[in-house]
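Colleague: Got a minute to walk me through this model? I'd like the overall picture and then some details.

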Amino acid sequence: MKRDNFICRYCRLDGTRNYDAWLALSWDHLLPKGHPERDNPDYIVTACNFCNTADNRYFDNAVKRGISFDGLSQQALVEQRKAYVKSTREKYHAFRAENVSNAT
Ligand SMILES: [Zn+2]
């Protein structure tokens with residue numbers, strides 16, 4: 001997390017801003033279970049809890065989506081995943097706007 005300046009690599013939530021933001025940070029593995037580099041810190045990034053779980057079937061759906069992980073840099077893996085995280089965030093945003101009073 002220190003390497004990533006305590007900032008979510010997907011939505012840029014800044015964990016240095018306040019205690020609640022910091023508590024929301026987690027480790028996000030960029031490689032699927034069983035991959036030999038999965039626990040290499042180079043392939044683990046800072047993510048807020050929402051972004052970490054936004055697409056929790058990400059690895060299960062990889063083949064169906066035609067995405068793979070081998071040979072990609074840390075940043076390329078983040079960018080690849082970010083598209084799916086962003087899609088979920090946008091759905092939640094629309095839901096909130098419609099269902100949560102005073103939502104902006
Ligand atoms: Zn985030």
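Modeller: Sure, let's start with the basics and go on from there. This is a predicted model, where local features need pLDDT of at least 70, side-chain atom pairs count only at pLDDT 80 or more, and totals for chains, interfaces and linings use all residues. Residues are numbered from 1 along each chain as its sequence is written, and side-chain values use heavy atoms, with hydrogens and water left out.

Colleague: How many helices and strands are there in the protein chain?

Modeller: The protein chain has four helices and two strands, in the order α-β-β-α-α-α along the sequence. Those are DSSP runs numbered from the N terminus: helices are H or I with at least four residues, strands are E with at least two.

Colleague: OK, the metal. Which residues coordinate the zinc ion?

Modeller: Cys-8, Cys-11, Cys-48 and Cys-51, each through SG, at 2.3 to 2.4 Å. Donors here are N, O and S atoms within 2.8 Å of the metal (3.2 Å for Na, K and Ca); water is not among the atoms, so sites may look incomplete. Along the chain the spacing is C-x2-C-x36-C-x2-C.

Colleague: Why is the arrangement tetrahedral?

Modeller: Because the four donor atoms around the zinc ion subtend angles of 99 to 120°. Four donors count as tetrahedral if all angles lie between 85 and 135 degrees.

Colleague: And is Cys-51 buried or exposed?

Modeller: Cys-51 is buried, at 0% relative accessible area, and Cys-48 counts as buried too, at 5%. Buried means under 20% relative accessible area, exposed over 50%, partly exposed in between (1.4 Å probe, protein chains only).

Colleague: Switching topic: which residues have the most contacts inside the largest nonpolar core?

Modeller: Cys-8, Tyr-10, Leu-13, Leu-30, Cys-51 and Phe-69, in a core of 19 residues. β2 (44-48) and α4 (74-99) each supply at least two residues of this core. By nonpolar core I mean buried Ala, Val, Leu, Ile, Met, Phe, Trp, Tyr and Cys residues joined through side-chain atoms within 4.5 Å.

Colleague: What does Phe-69 touch?

Modeller: Not counting residues up to four places away in sequence, its partners include Leu-30, Tyr-58, Phe-59 and Leu-77. Contact means heavy atoms within 4.5 Å.

Colleague: Last one: where is Thr-88 found?

Modeller: Thr-88 is in helix α4 and counts as buried at 15% relative accessibility. Leaving out residues up to four places away in sequence, Thr-88 touches Phe-50 and Ala-54.

Conventions: Tetrahedral: all angles 85-135°; square planar, octahedral: opposite > 155°, others 65-115°.
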